[in-house]
Amino acid sequence: MSSKNVTSQVVSVDEQAFEKADEVAVDEEGFEVVDETPEFQATVQMEVQAKVDANHPDGMVDTSEERIYGATLEQEERIRAREAELERISAKAEMGTQEGREKRTRDIAAKRSAERRAEFQKRAASVDPWADPERNDPRAELRQGQLAAVNKQSMRLAEKLDGWSRAAIGRRLGEAVVSGKDLTSAVVGVFKELQTAPGQVVPIGMLEDVNRKEVSIEGRMTVLWESDSPAIQQVGLIEDDSGKTKLTSWVASDQPWIEEGELVRIHGAAKNWYNGRVSVALTGWSTVHFPERGRWWE
């Protein structure tokens with residue numbers, strides 16, 4: 001019986017080669033053609049064993065990611081690379097959209113803010129003509145002699161006013177002179193205005209003229225009194241060259257202790273009135289500095 005009709009018999013590679021050799025091929029001249037490279041085919045057992053080996057856990061590459069069933073390592077690498085590329089493109093597109101949205105939002109907010117500021121300045125110009133943003137510098141309307149006097153006085157005031165530039169002082173003086181004030185009145189008014197402006201250390205003698213609830217002062221604690229109230233930590237008089245006023249430090253404010261005769265600078269002190277007199281108090285929002293503390297040369 002021929003081996004070709006037996007399907008259950010396992011045929012080896014060598015036997016297949018001999019069977020192929022029995023089938024003699026002849027060329028055109030009648031000579032036998034000898035095939036020195038016989039065709040080899042895998043047996044059924046070899047194919048089954050190959051599938052088992054390919055899917056056996058010990059035959060898989062150790063990886064932290066889940067393997068793709070039915071795909072070779074080469075196919076799996078291409079699939080993973082494509083997925084990573086798609087994720088990168090998607091993330092880039094999403095981030096690009098967000099960045100564009102943020103930039104557009106900032107541009108719109110800045111534009112609206114500028115519009116609101118211009119609108120506010122226009123309304124303010126109905127009360128103060130110099131608040132109009134389209135109005136030129138008032139010093140351009142001064143005569144040459146007036147401009148020279150304004151520049152001279154602005155230099156002098158800049159030496160006395162901390163935090164104010166000569167240009168800002170000159171502009172305020174120019175506004176006052178153009179509005180009809182003589183130079184002397186303009187200098188006095190601008191000096192008083194800028195001296196008591198928010199953020200400036202106000203002379204104690206001018207506290208009554210300040211229309212704010214919080215002020216900054218600097219002076220020496222000349223007198224301390226005993227207080228009968230357990231809510232008061234310290235009470236006394238603070239004084240500078242322009243005047244003196246009562247200073248109260250509340251226990252709840254948790255402020256540092258001030259020694260009698262000590263120089264102290266206070267920012268954000270609360271201004272109060274009692275029996276027609278102005279006074280100041282330290283609150284939890286106040287900041288206290290001691291300019292003379294820690295000076296090694298004294």
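The following paragraphs describe the secondary structure, strand pairing, cores and selected residues of a predicted model.

Local features of this predicted model were considered at pLDDT of at least 70 and side-chain atom pairs only at pLDDT 80 or more, whereas totals for chains, interfaces and linings use all residues. Residues are numbered from 1 along each chain as its sequence is written, and side-chain values use heavy atoms, with hydrogens and water left out.

The chain contains six helices and eight strands, where helices (H or I, at least four residues) and strands (E, at least two) are DSSP runs numbered from the N terminus. Along the sequence these elements follow the pattern α-β-β-α-α-α-α-α-β-β-β-β-β-β. Of the 298 residues of the chain, 23% count as buried, a class defined by a relative accessible area under 20%, with exposed meaning over 50% and partly exposed in between (1.4 Å probe, protein chains only). Contacts, meaning heavy atoms within 4.5 Å, were also examined by sequence separation: of those in the chain with a separation of 6 or more, 46% are accounted for by residues 24 or more positions apart.

Helix 4, spanning residues 144-158, has 15 residues and reaches 21 Å from its first C-alpha to its last, close to the 21 Å expected at 1.5 Å a residue; the expected span is 1.5 Å times one less than the number of residues. Val150, Gln153, Ser154 and Leu157 are buried in helix 4. Seen down the axis of helix 4, the buried residues fall within an arc of 105°, so they line one face of the helix, the arc being that of the directions from the helix axis to the C-beta atoms. This can be set beside the general geometry of the α-helix, which has 3.6 residues a turn, so that residues three or four places apart point the same way. Gln144, Gly145 and Lys152, on the other side of helix 4, are exposed, while the cover over the buried residues of the helix includes helix 5 (166-178) and helix 6 (183-195).

Strand pairing, which requires that DSSP finds at least two bridges between two strands, links several of the strands. Strand 3 (214-225) and strand 4 (residues 232-240) pair in the antiparallel sense over five bridges, with Val235 in strand 4 as the bridge partner of Trp225, and these two strands form a hairpin with six residues between them. Strand 3 is also joined to strand 6 by six bridges in an antiparallel arrangement, in which Glu218 stands opposite Arg265 of strand 6. Strand 6 in turn runs antiparallel to strand 7, to which five bridges join it; Val280 in strand 7 is the bridge partner of Lys271. The hairpin formed by strand 6 and strand 7 has two residues between the strands, and Asn275 in the turn has a positive phi of about 55°. By contrast, strand 5 and strand 7 run parallel and are joined by four bridges, with Lys246 opposite Ser279 in strand 7. Five of the six residues of strand 7 are buried, so this strand is largely enclosed by the rest of the structure.

Nonpolar cores were defined as sets of buried Ala, Val, Leu, Ile, Met, Phe, Trp, Tyr and Cys residues joined through side-chain atoms within 4.5 Å. The largest such core has 19 residues, of which Leu207, Ile217, Ile238, Leu247 and Ile266 touch the most other members. Strand 3, strand 6 and strand 7 (277-282) are the elements that give two or more residues to this core. Ile266 touches, among residues beyond four places away in sequence, Val215, Ser216, Ile217, Ile238, Leu247, Leu282 and Thr287. A second, separate core comprises twelve residues, including Leu161, Ala176, Val177 and Ala186.

His267 lies in strand 6 and, at 27% relative accessibility, counts as partly exposed. Its C-alpha is 6.7 Å in space from that of Ile217, although the two residues are 50 residues apart in sequence. The residues that His267 touches, not counting those up to four places away in sequence, are Val201, Val215, Ser216, Trp285, Ser286, Thr287 and His289. With Ser216, the side chain of His267 forms a polar contact of 3.2 Å, a term that denotes a pair of N or O atoms within 3.5 Å; within protein, one must be able to donate a hydrogen and the other to accept it, and residues adjacent in sequence count only if both atoms are side-chain atoms.

Asp254 is found in the loop between strand 5 (243-250) and strand 6 (263-274). The phi of Asp254 is near 55°, a positive value in a residue other than glycine, and at 66% relative accessibility Asp254 counts as exposed.
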